[in-house]
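User: Please take a close look at one helix of this chain and at what surrounds it. I am in my first year, so please explain each term when it comes up.

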Amino acid sequence: TSGPLPEGAEVVLELALPDGAHLEAKGVVVFVNTKGMGVRFVLSPEQDDLLSAAIARISARQRRALVVDDDAFMRLLLSEALTARGFEVLTAGDGETGLRTLSEELLALDLLVTDACMPGMSGETLSRTIRKVGGETDLAIVVVTGRLEPDLEKRLEAAGADAVLEQSLGPEMVAQAADAALERKRIVRTADAA
């Protein structure tokens, strides 16, 4: 909604779970403040079982990464380096395809490694678009650049990148640093939740 609904308003949340199942949960707005609204959802036992099974599958799955780069050779090298670190890797040759893949894999990806400079949608625009939509707050975004120009790192971080790396590090070091960025994000998320 464009603004908070009034207390007592009924809402419906429709979810497409990663296994293809659909879940529709009814809820009620229980409080409203200047930051938004709080909604209480009540699931039936069947819905609870469906959601619990999906969460168990997500928790037990292999870590997944998406590599977006217009250079096919670089995509291959980064994919191999991430696979060697235990990731299942998907790839895209441009920002638009990467964004489409991300939306199809919503909440099923852990890491995005993207080139900063690509024709069409740049890595900066891709990062900003993902963060603006807000559905992938747990996704670690790592932007790789051929040349780290002054001010570029700050712009990329402002766009939502968790790390900015130089391509000259080589694919193995980029994969290692990307993996470390993902772990840092998980540690911060766990500390914030505590």
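Analyst: The answer below begins with the whole chain, moves on to one helix and its partners, and ends with some single residues.

This is a predicted model, in which local features need a pLDDT of at least 70 and side-chain atom pairs count only at pLDDT 80 or more, while totals for chains, interfaces and linings use all residues. Residues are numbered from 1 along each chain as its sequence is written, and side-chain values use heavy atoms, with hydrogens and water left out.

The chain contains six helices and eight strands; these names refer to DSSP runs numbered from the N terminus, helices being H or I runs of at least four residues and strands being E runs of at least two. Followed along the sequence, the elements appear in the pattern β-β-β-α-β-α-β-α-β-α-β-α-β-α, and the C-alpha trace spans about 55 × 35 × 35 Å along its principal axes. Of the 194 residues, 38% are buried, a word that stands for under 20% relative accessible area, with exposed meaning over 50% and partly exposed the range in between, for a 1.4 Å probe and protein chains only. If one takes the contacts between residues at least 6 apart in sequence, 55% of them join residues at least 24 apart, where a contact means heavy atoms within 4.5 Å.

The part to look at closely is helix α4, residues 123–133. Two packed helices are described by the angle between their axes and the distance between the axes. The axes are lines fitted to C-alpha atoms, for helices over the stretch in contact, and the angles run from 0 to 180 degrees between N-to-C directions.

Take α3 (residues 95–104) as the first partner: its axis and that of α4 come within 10 Å and cross at roughly 25°. The two helices are therefore roughly parallel to each other, since angles under 35 degrees are given that name, those over 145 are roughly antiparallel, those from 65 to 115 roughly perpendicular, and the rest oblique. The crossing of α3 past α4 is right-handed, which means that the near helix is turned clockwise from the far one by less than a right angle, whereas an anticlockwise turn would be left-handed. On the α3 side the meeting residues are G95, L99 and L102, and on the α4 side they are L126, T129 and I130. Sorted by class, this contact holds four nonpolar, two polar and no charged residues; here Ala, Val, Leu, Ile, Met, Phe, Trp, Tyr, Cys and Pro count as nonpolar, Asp, Glu, Lys and Arg as charged, and the others, Gly among them, as polar.

The next partner is helix α5 (residues 152–159), which packs with α4 at an angle of about 25°, the axes being 8 Å apart. This makes α4 roughly parallel to α5. From α4 the contact draws on E124, S127, R128 and R131, and from α5 on R155, L156 and A159. By class, these residues divide into two nonpolar, one polar and four charged.

Which residues does L126 of α4 touch, apart from those up to four places away in sequence? They are V68, G95, L99, L112, T114 and M121, and two of these, G95 and L99, are α3 residues in the helix contact described above. L126 is buried, with a relative accessible area of 1%. Its C-alpha atom is separated by 9.9 Å from that of V143, 17 residues away along the chain.

R131 of α4 leads on to another helix, for R131 is among the contacts of K185, a residue of helix α6 (residues 171–193). Leaving aside neighbours within four places in sequence, the other contacts of K185 are T137, D138, L139, A140 and D162. K185 counts as buried, at 19% relative accessibility. The C-alpha atoms of K185 and D138 are separated by 7.5 Å although these residues are 47 apart along the chain. The side chain of K185 also reaches the backbone oxygen of T137 at 3.4 Å, which fits the description of a polar contact: a pair of N or O atoms within 3.5 Å, where within protein one must be able to donate a hydrogen and the other to accept it, and where residues adjacent in sequence count only if both atoms are side-chain atoms.
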